Amino acid sequence: MYDFIHTQNDVLRERYIAGAELVGKYQVPQLQPINARLDGLRPVPINLSGKEKNPRECVLHMFVDDVKFEGIWKDPLKQIETLSYYAHVCPCDFSFYYTMPMALQIYQIYRMRAIHHFLTCCGVKCIPVVTWADEVSFDFCFDGIPIESTLAVSTNGCHTIRAREYYKRGFVEMCERLKPTQILVIGAEIPVDCDVPIVYMDGFSQQRKKRMEAV
């Protein structure tokens with residue numbers, strides 16, 4: 001179990017992985033499985049979290065622009081109370097693209113696992129968030145994600161044929177490696193070849209479009 005602080009005032013935020021089991025080639029925190037009950041729950045993006053009147057009936061997600069949840073990485077304790085009100089939370093989905101330097105890709109995966117571990121230790125009911133880029137990222141992007149658990153993914157950014165193909169390949173790889181019991185997909189539906197139960201919920205852009213159409 002990890003128990004080190006190497007820098008003054010913990011500028012590297014190693015406190016986020018205190019007590020974690022580190023796994024994989026790059027030693028990211030191992031997350032615990034969860035059996036999330038999603039029936040009847042509504043999706044709420046992090047930027048609207050403070051306006052929701054019935055958080056116990058909602059899944060809070062962070063499949064939005066990074067700037068809208070970077071504050072959670074910098075100081076999660078400021079929002080722990082709000083996050084704990086929600087039935088489930090899909091923690092920070094830090095941007096992750098195949099065009100990024102490999103070092104940055106690995107760092108983004110580390111940050112996702114670290115903040116998930118910290119929030120869970122604070123009592124937040126987190127659903128593991130899975131993200132990938134191209135096949136090269138398969139070497140590390142699934143590290144730390146539990147086997148036989150509810151998992152969460154997003155189809156945000158899958159607007160091109162290439163992006164949709166990467167999404168489908170990664171989805172199949174995720175199912176084969178992690179054997180999820182249920183997958184929550186936030187965003188537009190993209191057909192995939194998978195026998196795992198999938199729950200689709202609108203992302204922020206889909207919700208905004210529906211609100212505009214209702215006016």
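Which residue's side chain meets that of Glu57 in a salt bridge? Arg42 does, with N and O 3.9 Å apart. Keep in mind that this is a predicted model.

## The Arg42 and Glu57 bridge

That N-to-O distance of 3.9 Å fits inside the 4 Å limit for a salt bridge. Glu57 sits in the loop between β3 (42-45) and β4 (58-61), while Arg42 belongs to strand β3, so the bridge ties together parts that are 15 residues apart in sequence. Each partner is partly exposed: Glu57 has a relative accessible area of 42%, and Arg42 comes in at 33%.

The story has a third member, too. Glu52 joins Arg42 and Glu57 in a network of salt bridges. Across the whole structure, a search turns up 7 salt bridges.

## Arg169 and its two partners

Over in helix α4 (residues 161-178), Arg169 is worth a look. Its side chain meets that of Glu135 in a salt bridge, at 2.5 Å from N to O. This pair links distant parts of the chain, with Glu135 in the loop between α3 and β6 and 34 residues separating the two. Glu135 is partly exposed at 38% relative accessible area, and the value for Arg169 is 38% as well, so Arg169 also counts as partly exposed.

Arg169 forms a salt bridge with Glu165 as well, where the closest N and O atoms are 3.2 Å apart. Here both residues lie in helix α4, 4 residues apart, or about one turn of the helix. Glu165 is another partly exposed residue, with a relative accessible area of 35%.

## Aromatic pairs

Now for the rings. The model has 12 aromatic pairs. Take Phe96 and Phe140: their ring centres are 6.2 Å apart and their planes meet at 75°, so this one is edge-to-face. The angle clears the cut-off for that class, which is over 60 degrees. Phe96 is in the loop between β5 (88-90) and α3 (102-121), and Phe140 is in the loop between α3 and β6 (150-154), so the contact ties together parts 44 residues apart in sequence. Both of these Phe residues are buried.

Trp132 and Phe142 make a tilted pair, with 6.4 Å from centre to centre and 40° between the planes. Both residues lie in the loop between α3 and β6, 10 residues apart. Like the previous pair, Trp132 and Phe142 are buried.

## An aromatic cluster with an arginine on top

Which residues make up the aromatic cluster? Tyr16, Phe69, Trp73, Phe94 and Phe118 form it together.

Arg111 lies over the faces of two cluster members, Trp73 and Phe94. From Arg111 to the ring centre of Trp73 is 5.2 Å, and for the ring of Phe94 the distance is 3.7 Å.

## The second largest pocket

Finally, there's a pocket to poke around in. The second largest one holds about 190 Å³ of space, and 16 residues line it. If you want to find its centre in the viewer, the lining residues nearest to that point are Gln30, Leu31, Gln32, His117 and Thr120.

What is the lining made of: how many nonpolar, polar and charged residues? The split is 8 nonpolar, 6 polar and 2 charged.

Notes. Residues numbered from 1 in each chain as written. Predicted model: local features only at pLDDT ≥ 70, side-chain atom pairs only at ≥ 80, totals over all residues. Heavy atoms only, no water. 1 Å grid on protein atoms, 1.4 Å probe; cavity = no way out; pocket = protein on both sides within 12 Å on 5 of 7 lines; lining within 4 Å. Points joined across faces, edges and corners; volume = space filled by probe spheres on them. Nonpolar A, V, L, I, M, F, W, Y, C, P; charged D, E, K, R; others polar. Phe/Tyr/Trp six-rings, centres within 6.5 Å; stacked < 30°, edge-to-face > 60°. Buried < 20%, exposed > 50% of the residue type's maximum accessible area, 1.4 Å probe, protein only. Lys NZ or Arg CZ within 6 Å of the ring centre and 35° of its normal.
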